[in-house]
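Me: I'd like to go through this one and ask what stands behind the words we use for it. Could you take my questions one at a time?

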Amino acid sequence: MYSATATPVPDFLDLIPPERRSDPHALLQILIQIQHAYHHVPQEAAKRLAAEMGIPLVRVQGLLSFYSFLSPQPQGEYVIHFSDNITDQMFGNRELVALMCQRLDVNLGETRKDGRVSVHFTSCTGMCDQGPAALVNYLPVTNLDRERIERIADLVNAQIPLKDWPAEFFVVKSQIRRSDVVFRKPIEPGAGIRASLERGGAFLPEWAEDLAPSDARRHHLERGGAETLKEIYHSDLRGRGGAGFKTGIKWESVRDAKAGDHYVLCNADEGEPGTFKDRVLLTDYADMVFEGMTICGHVVGSKIGILYLRQEYWYMKEHLENVLNSRREAALLGKGILGTDLDFDIELQFGAGAYICGMETAMIKSIEGRRGIPRRRWPLPVHQGYLRCPTVVNNVETFAAATVISAKGGAWFAHNGTGQSTGTKLFCVSGDCERPGIYEYPWGVSVHEVLRDCGALDAQGVQVGGPSGTMINTQEFDRSACFEDLVGTGTLMIFGPQRDMFEVVKNFALFFQHESCGLCTPCRLGTTLLANYVRKFEQGCGSPVDLEELRNISGLMKTMAHCGLGQTANHHITESIEKFPAIWANRMKTTEFVPAFDLDRALEEARGLTGRNDSEAHLAPVEA
Amino acid sequence: MTSSFFLDGKEIPFKEGQTVLQAAMGAGQYIPHLCWRPELEPHSSCRLCIVIISGKPFSSCTQPAMEGQKVECNTPKLNAMRRAVTQLLFVEGNHYCPSCEESGNCKLQATAYHVGMQDSHFPHQFPIRERDSSHPRVNLDRDRCIRCETCVRASRELDGKNVFAIHGRGIKSRLAVNSPTSLLKDSGISPDDMAVKLCPTGALTVKRVGFEWPIGQRIYDKESLATIELREYANQEAVHG
């Protein structure tokens, strides 16, 4: 990590190798380095990068204005970002932010005049089971309470360097509360790759026939991952990131796609509020994730993997680099894997605060050093993904599952779960329950069972799959989590009887407004209009017409929005109207439409002037 | 062998590699659009050209035409949604048609007539946006920008200049100018740039020619948007194939 330093920016840039400095694909990663070192990206740095990379300055500025954690304006030496998920809010983050601002004498969203500190809100930081949480200089601080806030304020005011702060502030717990067949006994590092190599199955797609005999990609395909691909098919594994696309089809498409290099990207941009399984997987089972990527490289004929990690998980960088290094030492990664002629290596790249980058094609753009705007649908990433080459993009949990499937076989994996949802799934449980954390269940578990296990029997509602997922009330607790019913990222945010569900809706509406990328009309405007109507109801000024309008805008977004964000950014609205109607009804002036004036009475004057009193001169029928 | 698909039941021939929108336009079937231009890479952001294929919505400007496909386009439900999307564009910016020099030449306005928009329906956002009149010949009025990125693409793809980009995110995103001062006067823009010519609204205009033609004798006063667009597309095809 780069510490705040007095090195002038030009000298700092000199520390970056010239070939990297001149590569526009590295733009985002370099901007993150500068942001960390200087707590902003000075204009002179932006100009020099644009010049060295041969790109317009406006493109560099475009990134600074897109990613929440990049800033063209100087931030304090201490930058504090309070996580603002609904769970943080439920456990008092608003009072804590107010206390922090008061103790530090700084306004929210601003930098203190002496340049010491800035305080901001940010979207969910993935610490929902140990919130309220915040990031201090991009490092997570968990379990915030008044005492901890006061101590942090004192440390900042006394200018104590972060490394001298109490270590317990930065403890992030994994809190795995329940393991099932997959994670009860994790796969030993290398077991999945060995199984894949032993299984063999050469398959040389047409595009690879012209490759030189020494080409690593050719080795991959000749050494064969074809049998492992069959196991993936047998397992019926579906993507764990929410969309549930069949992994076997995706891998086969990339293997058989033409064009040069093939890439394996792991999506660890875990931005769906309430979701933190990838954080736990990468903390406790990083080997399984990296091994899954390596197996994928073997199957599809790729030698380069990239793990795209959200900025909120920057603190894991050192740990993950250590795991990668030990895998290289054990010949599980790098050149000549397990003594074969197979090469595959993995690099880490970071996001900079944009929920949209969890979207496959937006993530690809971000890794290419661009604004994370979802691409058009065609061509698909399996044909033209990263650098327009065939690309596998899978979720962290999907790669971990692939390792298990390679080691234990597809049939073993498919034994658990339901017809269309095989295997087990990690569930992220947070909110009003006794035991928040990670729970592994076979797919198909009922919400009720999870609530019982985590100690939340008095819940009035659960948000399944994050804000873009499904909001359910007590009538639906027998529904099950699987692709046949409640799909999503495996997130359960639980709301006890004391909670006002309207606050949940409002939190989600503001989240989506903040995170809409702005590309397409229905989402850019739709998220804003929904948020504005929610504010109108918050003031007690709603009307039944507004409810109708909320439904209409939601329907418009569902059909017309460009990507999954916009298509789902209205679920919380329509579902809360259906399932928690009282929270809306309570905020209306009246449940009947009452116009401001009586039109028929207004006609009375005209009737008097014209001397008419026939039925045509009345709005309502009159007795002759 | 020519292939064909069905647009609202009508058979549309297409060539390999054509999108649904290209094939439809080529066959004389207009599908509303604002961000699409035949000479530019499709952008799929205005969402007016959405069609339904096998029950699912797709932007026809990016969707490849496929043999035998049944495409729903001119349906009451989709037309109502296109109208709503157009209304959203009007309430997002500050569009004062009666006093705008582009009135009658404006594709946004013409599209509003085409989709049958009679009011703006949604609450106006009245954003505060910066105007850039710094350039002697070209005016940038962000109040009228609909974020279609036609100028961004045209400047990059046709003018080879990269004068424009989008900054910010979501509802706060806006058109930015590539120049040391962020002003048009210090950019490489010229009034002859396709970026200026292709702007579908009055966001980018050439100065001192706004009222060359009186209202009533302007582009969309004489012919309908669909007629003009279809003719332009046919001419384009005739030149470039």
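Me: Which domains does the domain assignment give for chain A?

Reply: This is a predicted model, and for chain A the assignment gives domain 1 (9-64), domain 2 (78-173), domain 3 (181-414), domain 4 (424-495) and domain 5 (501-585). Those bounds come from an automatic or database domain assignment.

Me: What makes residues of domain 4 of chain A count as in contact with domain 5 of chain A?

Reply: The test is that C-beta atoms, placed from the backbone, lie within 7 Å. By that test 10 residues of domain 4 of chain A are in contact with 13 residues of domain 5 of chain A. Strand 12 (461-464) and strand 13 of chain A each give two or more residues to the domain 4 side, and the largest share, 4 residues, comes from strand 13 of chain A. By class, this side has 4 nonpolar, 6 polar and no charged residues. The centres of the two domains, taken over C-alpha atoms, are separated by 23 Å.

Me: What makes strand 5 and strand 13 of chain A edge strands?

Reply: Each of them, strand 5 (176-178) and strand 13 (470-473) of chain A, pairs on one side only. They belong to an open sheet of 6 strands in chain A with the order 5-11-10-14-12-13 and mixed pairing. Neighbouring strands of this sheet are turned by 30° against each other on average, direction ignored.

Me: How do you know that strand 5 and strand 11 of chain A pair?

Reply: Pairing asks for at least two bridges found by DSSP. Strand 5 of chain A and strand 11 (residues 437-442) of chain A have 2 bridges, in the parallel sense, so the pair satisfies the definition. To see where they meet, look at Ile176(A), whose bridge partner in strand 11 of chain A is Ile438(A).

Me: Why does one side of strand 8 and of strand 9 of chain A lack a neighbour in the sheet?

Reply: Strand 8 (345-350) and strand 9 (391-395) of chain A stand at the edges with a single partner strand each, so one side of each is left without a neighbour in the sheet. That open sheet has 4 strands in the order 8-7-6-9, with parallel pairing, and its twist averages 20° from one strand to the next. Strand 9 of chain A pairs with strand 6 (residues 263-268) of chain A over 5 bridges, and Asn267(A) stands opposite Asn395(A) there. Helix 18 (residues 396-408) of chain A lies across strand 6 and strand 9 of chain A, at about 95° to strand 9 of chain A.

Me: Why is chain B called as compact as a globular protein of that length?

Reply: Its radius of gyration is 18 Å, close to the 18 Å that the globule rule gives for 241 residues, so the description holds. The C-alpha trace of chain B spans about 55 × 40 × 40 Å along its principal axes. Chain B has 7 helices and 10 strands.

Me: What makes a residue of chain B buried, and what percentage of the chain is buried?

Reply: A residue is buried if 20 or more other C-beta atoms lie within 10 Å of its own. Buried residues make up 46% of the 241 residues in chain B.

Me: How many residues does each chain bring to the contact between chain A and chain B?

Reply: Chain B brings 30 residues and chain A brings 30 residues. On the chain B side, the largest share, 6 residues, comes from helix 2 of chain B.

Technical notes: Residues are numbered from 1 along each chain as its sequence is written. Chains are lettered from A and ligands numbered from 1 in the order in which they are written. This is a predicted model: local features need pLDDT of at least 70, side-chain atom pairs count only at pLDDT 80 or more; totals for chains, interfaces and linings use all residues. Two residues are in contact if their C-beta atoms, placed from the backbone, lie within 7 Å. Axes are lines fitted to C-alpha atoms, for helices over the stretch in contact, and angles run from 0 to 180 degrees between N-to-C directions. Ala, Val, Leu, Ile, Met, Phe, Trp, Tyr, Cys and Pro count as nonpolar, Asp, Glu, Lys and Arg as charged, and the others, Gly among them, as polar. The radius of gyration is taken over C-alpha atoms; the globule rule is 2.2 Å times the number of residues to the power 0.38. A residue is buried if 20 or more other C-beta atoms lie within 10 Å of its own, exposed if 12 or fewer, and partly exposed in between; C-beta atoms are placed from the backbone.
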